[in-house]
Every structure is written in structure tokens, then in C-alpha cells.
Amino acid sequence: MSAQPTGPDASVVVPDAPRTSGDTPIARQAEVAVGVRGAAKREAWPRPKRCRIMTIANQKGGVGKTTTAVNLAASLSQHDNRVLVVDLDPQGNASTALDVDHHVGIESVYNALVEERPMSEIVTEVDGMPGLYCVPATIDLAGAEIELVPLVARETRLLRSIDQLDTTKFDYVLIDCPPSLGLLTLNALVAADSVLVPMQCEFYALEGLSSLVRTIERVKRTLNPALDIQGVVLTMFDRRNNLANQVADDVRGHFGDKVYQTVIPRNVRVSEAPSHGKPVLIYDLRSPGAQAYIHLAGEVLKRAGSLAA
């Protein structure tokens with residue numbers, strides 16, 4: 001697995017797809033058919049000492065929150081970590097990408113938040129991916145913001161629901177947030193140990209980020225003292241675009257080592273995968289996007305492992 005530095009100071013790593021004599025459509029499908037668990041086991045990556053709950057948030061839409069949540073979860077699970085994805089976006093895109101049923105009438109995260117249904121009754125195993133689980137979102141969640149307003153301790157509903165789970169069965173809980181800073185995202189921040197922020201490598205990358213940082217600080221002061229920014233991941237990176245390198249440099253200058261070295265490139269296979277109900281890791285393991293998420297998973301594992309108490 002190779003990596004090429006980009007930018008004037010070679011500060012970002014963009015994994016390339018491996019090129020081998022078996023890199024043919026048939027060979028790729030054969031590798032997908034047998035899965036990637038065998039390849040993952042060849043390298044012993046650290047597991048956290050306790051379950052890590054990570055919220056993936058950015059109030060700006062289209063920056064890769066759901067894509068990152070789904071593919072990071074898939075990558076972690078393929079390295080023998082047990083991962084639960086909580087879909088907190090009313091659009092239900094994470095549920096779609098994992099091919100988890102989420103039509104109207106299905107028990108979903110809405111029932112856990114509004115009706116205080118035990119989350120253990122809602123967790124669904126992702127078909128064909130051992131160790132990966134999902135709490136789906138249905139369109140009912142669109143009204144949850146309003147329904148939560150008059151409820152007591154509305155900011156801690158998700159936290160109480162997750163507390164009902166036996167989290168010793170999971171290594172990671174990844175919460176995919178909607179593109180807003182409303183009550184759903186607030187619940188996710190209160191329930192989490194840390195926040196992972198996907199940031200698009202384009203002109204408006206920093207727009208609104210200060211609002212998210214301020215919200216995180218307020219939550220830390222008043223509701224969740226343990227909350228911290230686990231990392232910033234740069235997405236949709238195009239090495240041919242000088243602006244992408246400039247944005248990456250600006251973000252690194254502001255957040256320092258909070259920014260992951262691995263960046264997620266623009267890759268058509270990443271965009272195609274959800275329409276097939278698969279993470280890109282399963283859809284096309286050899287694609288640059290899949291390789292990037294494998295690299296990112298390694299960084300997350302090491303960072304979260306070192307932070308876990």
C-alpha cells in the first residue's frame with residue numbers, strides 16, 4: 001500500500017490504489033467475495049480499552065459526514081473491532097449505505113429518543129459484515145426536533161438510551177449527525193466522548209466551523225466535560241486543485257495535529273457505493289477511496305487507543 005505526499009510541505013497523505021497483476025475486474029470481485037477480514041488480520045491494530053463513542057458532525061452539508069461514518073465503521077469492523085453506527089440524520093443515508101431497512105414503521109432511533117425505547121431492541125446487524133451494527137433512522141426523525149422541545153432533559157435523551165446498552169459488546173459507537181446544530185446534533189455531542197469533524201477541501205471549508213467549535217465548547221462546559229475534538233478529516237481532496245492544497249494547509253495551520261494525516265480523495269467509487277448498499281471497502285476494495293478509509297481507520301484506532309482510559 002503506497003502513499004504519495006502532496007502540497008509544498010508534503011503534509012497530507014493520499015493513499016493510492018494498489019496496482020498488481022491481479023488488478024482486474026474479476027480479481028477485484030473475487031477479493032470482495034472472500035472479504036477483507038483476512039487481509040485486515042495480517043496487521044494487529046490497537047483496540048480501545050473501553051467503548052469509544054464518537055460523534056461525526058459538521059453543520060455544513062455535503063462534506064462527507066455520512067460517507068465517513070459508514071466507511072470508517074466498515075474499516076474498523078474489518079480490523080476485528082465491533083462497531084455500532086447510530087444514524088441520527090432523518091434522511092437515513094447511513095442506513096441506506098449499509099443496506100439496513102429503514103422504511104416508515106420500522107423501529108428506529110426515533111423510538112429511542114422520543115419514546116425512550118431501549119436501544120438494544122433497535123440495533124440491527126449489518127448483513128454480510130460481521131462486527132458491524134446499525135441503529136437506523138426513519139423519516140419520523142424529522143419531527144423529533146419539535147417533539148423533543150417540551151421533554152425533560154431533552155439534551156440527554158440519546159445519552160440515556162446508549163447507557164441502556166451493554167457497551168462492553170462494542171469497541172466503537174459512531175453517531176452520524178444531520179447537517180445542523182439542532183437538538184439532534186446536541187444530543188449526539190452530549191452522548192459522545194469525542195467529535196470527528198469531516199471538512200471538505202474547498203473554498204467554504206471553514207465556513208461555520210467556528211460555530212461548531214463554540215457549540216462543542218459550550219457542551220463541554222455545561223453538559224459533557226469529557227467532550228473533545230478527536231480529529232479533523234479532510235475530504236473530497238483533489239491533488240490537481242491548488243485550492244485544495246491551500247485549504248489543507250490552512251486547516252492544518254489552525255488545528256495542528258488534530259488534523260489526520262490521511263485525506264479522503266475525490267473518488268467516483270466512493271460516490272457509487274451507497275447506491276449498491278455497500279461501504280466502498282466492500283464495493284471496490286482497491287479504489288483510492290477505500291484505501292484512504294483504511295488508512296484513516298488506522299489513525300483513528302491508534303489515536304482513540306491512546307486516549308482511552
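Guide: Before we start, "contact" here means heavy atoms within 4.5 Å. Also, keep in mind that this is a predicted model.

Visitor: Okay, what covers the buried residues of H9?

Guide: Let's say who they are: Leu 209, Leu 212, Thr 215, Ile 216 and Val 219 are the buried residues of H9. Looking down the helix axis, they fall within an arc of 120 degrees, so they line one face. The cover over these buried residues includes helix H8 (183–191), strand S8 (194–200), strand S9 (228–235) and helix H10 (242–255).

Visitor: And which residues are exposed on the other side of H9?

Guide: H9 runs over residues 209–222, which makes 14 residues. From first C-alpha to last it reaches 20 Å, close to the 20 Å expected at 1.5 Å a residue. Opposite the buried face, the exposed residues are Arg 221 and Thr 222.

Visitor: Which residues have the most contacts inside the largest nonpolar core?

Guide: As a rule, nonpolar side chains in soluble globular proteins tend to be buried together. The largest nonpolar core here has 53 residues, and H8 gives the most to it, with six residues. Ile 175, for one, touches residues including Ile 53, Met 54, Ala 188 and Ala 191. The residues with the most contacts inside this core are Val 86, Leu 158 and Ile 175.

Visitor: How many residues are in the other core?

Guide: That core lies apart from the largest one. Leu 98, Cys 134, Tyr 283 and Leu 296 are among its members. Its count is 40 residues.

Visitor: Is Ser 75 buried or exposed?

Guide: Ser 75 sits in helix H3 (residues 65–77), and farther along the sequence it touches Leu 281, Tyr 293, Ile 294 and Ala 297. The Ser 75 side chain also reaches the backbone oxygen of Tyr 293 at 3.5 Å. With a relative accessible area of 1%, Ser 75 is buried.

Visitor: Where does Asp 99 lie?

Guide: Asp 99 has a positive phi of about 60 degrees, even though it isn't a glycine. At 61% relative accessibility it clears the over-50% cut-off, so Asp 99 counts as exposed. Its place is the loop between helix H4 (93–97) and helix H5 (109–114).

Visitor: What about Met 236: what is its relative accessible area?

Guide: Met 236 is another non-glycine with a positive phi, about 55 degrees. You'll find it in the loop between S9 and H10. Met 236 is partly exposed, and its relative accessible area is 22%.

Terms used
Residues are numbered from 1 along each chain as its sequence is written. This is a predicted model: local features need pLDDT of at least 70, side-chain atom pairs count only at pLDDT 80 or more; totals for chains, interfaces and linings use all residues. Side-chain values use heavy atoms; hydrogens and water are left out. Helices (H or I, at least four residues) and strands (E, at least two) are DSSP runs, numbered from the N terminus. Buried means under 20% relative accessible area, exposed over 50%, partly exposed in between (1.4 Å probe, protein chains only). A polar contact is a pair of N or O atoms within 3.5 Å; within protein, one must be able to donate a hydrogen and the other to accept it, and residues adjacent in sequence count only if both atoms are side-chain atoms. The expected span of a helix is 1.5 Å times one less than its number of residues. The arc is that of the directions from the helix axis to the C-beta atoms. A nonpolar core is a set of buried Ala, Val, Leu, Ile, Met, Phe, Trp, Tyr and Cys residues joined through side-chain atoms within 4.5 Å. Lists of a residue's contacts leave out its neighbours within four places in sequence.
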